[in-house]
Amino acid sequence: METMQFIYPASAPIQGRALVGVVGSGDLEVLLEPGSQDQARITVNTSVDGSRHMWQALFDRIFQAAPIAALNMEINDFGATPGVVRMRIDQALEEVTSPVTHSLS
């Protein structure tokens, strides 16, 4: 197991919490919670040793392309592909940024 930390500049904190995915073969879980002002802190716990460069490149593409809200993100990885990682991160971010709507049908 390897643990990595990444920090990016951020704006105001997110307004919720999210948990998406599962820790299992070829998948991962992403946990989000509000962070401190001006900082997005990401912790990755992975079963794949020596993968820091892959994670760094992925986060650089995601978080340097557009401003991100201040958050704490914990990723527990069990060998997910970059596509699955991106999908789970997008799901978690959508969960904390989309307004909740309820249908009465």
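Here are three short exercises on this predicted model, each with a worked solution. Local features need pLDDT of at least 70 and side-chain atom pairs count only at pLDDT 80 or more, while totals for chains, interfaces and linings use all residues. Numbering starts from 1 along each chain as its sequence is written, and side-chain values use heavy atoms, with hydrogens and water left out.

**Exercise 1. Check the span of helix H1, then work out which of its residues are buried and where they sit.**

Start with the span. Helices (H or I, at least four residues) and strands (E, at least two) are DSSP runs, numbered from the N terminus. The expected span is 1.5 Å times one less than the number of residues. For the 12 residues of H1 (residues 52-63) that gives 16 Å, and the end C-alpha atoms are 16 Å apart, which agrees.

Next, burial: buried means under 20% relative accessible area, exposed over 50%, and partly exposed in between (1.4 Å probe, protein chains only). Trp55, Leu58, Phe59, Ile62 and Phe63 come out buried in H1. Looking down the axis of H1, the buried residues fall within an arc of 105°, so they line one face of the helix; the arc is taken over directions from the helix axis to the C-beta atoms. The background is simple: an α-helix has 3.6 residues a turn, so residues three or four places apart point the same way.

Finally, flip the helix over. Exposed His53 and Arg61 are on the face of H1 turned away from its buried side.

**Exercise 2. Lay out the sheet and find its edges.**

Pairing first: two strands pair if DSSP finds at least two bridges between them. The result is an open sheet of 5 strands in the order E1-E4-E5-E3-E2, with mixed pairing. E1 and strand E2 (18-21) are the edges, each having a single partner strand, so one side of each lacks a neighbour in the sheet.

Now walk through some pairs. E1 and E4 run antiparallel, joined by 8 bridges, and Tyr8 has Ala40 in E4 as its bridge partner. E3 and E5 are also antiparallel, with 7 bridges; here Val30 stands opposite Ile75 in E5.

**Exercise 3. Describe the link between E2 and E3.**

Count the bridges: 4 join these antiparallel strands. One of the partnerships is Gly21 with Glu29 in E3. Then look at the connection: E2 and E3 make a hairpin with 6 residues between them, and Gly26 in the turn has a positive phi of about 75°.
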